[in-house]
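Please look over the sequence and the structure below before reading on. The report that follows walks through a few parts of the chain, one after another.

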Amino acid sequence: MSEEHAKLLNSGLFALNTDAVPRGPGAHMTLLVLGAPRGGTSAIAGALAKLDVFMGDGAAEPVFEGLKLARAMEDGTREDTLALIDEYNRRHRIWAHKRPGFTRLVQDYHTAFRNPVYLVIMRDPVATASRGVISGRLKGNYLKKLRQILEKYEGIINFVETTGAPAVFISYEKLLQEPGTVLE
């Protein structure tokens, strides 16, 4: 392949604000996986788990969601959630959390996460909405679901832009086509 053609290759990744990512063997950070439900967050969380990144208490295959933190964020008090985040920070140099569609909640706790880096997985919205139909989880009509997915992605983009935090945008389709390149 020529150098000119190599420049045209699309890896399916785009990193923002990487100068703020802690570096070195002692670096501490929290990796937060954002995406739409049925949009590929489990694939990213699974890759992190395979790399021995702590995914939270209660995290297990096939979805790798840290249920204890998810429940604290969704149903618990702010104090309980902050205490659990502090505990994870003490126990793990690098840890991660994944919960599809939790962008609104992560906004509330953004400053509590230690050196947050957002891993944003985006799947073709038509495929994501169709997956909702196939799984029987589609509530309402298809076009409404498609709009909800687009709104989720827009909310994630706005959040990342507003915080200025480090983020990596990942194409689910490229991940499927070339997993070695995307996960490198």
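## Strands, helices and a loop

Strand S2 (residues 29–34) runs parallel to strand S3 (residues 94–98), and five bridges join the two. The model discussed here is a predicted one. Within this pairing, Leu-32 of S2 stands opposite His-97 in S3. S2 is also joined to S4 by five bridges, again in a parallel arrangement, and here Leu-34 has Val-120 of S4 as its bridge partner.

In a regular strand the side chains alternate between the two faces of the sheet. For S2 both of these faces are covered, with Met-29, Leu-31 and Val-33 buried on one side and Thr-30, Leu-32 and Leu-34 buried on the other, and in total six of its six residues are buried.

The helices H3 and H7 can be set side by side in a table.

| Helix | Buried residues | Arc of the buried residues |
|---|---|---|
| H3 (residues 67–75) | Leu-69, Ala-70, Ala-72, Met-73 | within 165° |
| H7 (residues 142–163) | Lys-145, Leu-146, Ile-149, Tyr-153, Ile-156, Phe-159, Val-160 | within 150° |

An α-helix has 3.6 residues a turn, so residues three or four places apart point the same way. In H3 the buried residues Leu-69, Ala-70, Ala-72 and Met-73 fall within an arc of 165° when seen down the helix axis, so they line one face of the helix. On the other side of H3, Arg-71 and Asp-75 are exposed, while the cover over its buried residues includes helix H4 (78–91), S3 and H5.

Helix H7 has 22 residues, which at 1.5 Å a residue should span 32 Å, and this agrees with its end C-alpha atoms, which are 32 Å apart. Seen down the axis of H7, the buried residues fall within an arc of 150° and therefore line one face, whereas Arg-147, Glu-151, Glu-161 and Thr-162 are exposed on the other side. At the start of H7, a side-chain oxygen of Asn-141 comes within 3.1 Å of the backbone nitrogen of Leu-143, and just after the helix Gly-164 takes a positive phi of about 70°.

Is His-110, at 17% relative accessibility, buried or exposed? His-110 lies in the loop between helix H5 (103–109) and strand S4 (116–122), and it counts as buried because its 17% relative accessibility is under the 20% cut-off. Leaving aside neighbours within four places in sequence, His-110 is in contact with Pro-116, Tyr-118, Phe-159, Thr-163 and Ala-165. One of these residues, Phe-159, is also among the buried residues of H7.

Methods:
Residues numbered from 1 in each chain as written. Predicted model: local features only at pLDDT ≥ 70, side-chain atom pairs only at ≥ 80, totals over all residues. Heavy atoms only, no water. Helix = DSSP H or I, 4+ residues; strand = E, 2+ residues; numbered from the N terminus. Buried < 20%, exposed > 50% of the residue type's maximum accessible area, 1.4 Å probe, protein only. Contact = heavy atoms within 4.5 Å. Expected span 1.5 Å × (residues − 1). Arc of directions from axis to C-beta. Polar contact = N/O pair within 3.5 Å; in protein donor to acceptor, adjacent residues only side chain to side chain. Pairing = 2+ DSSP bridges.
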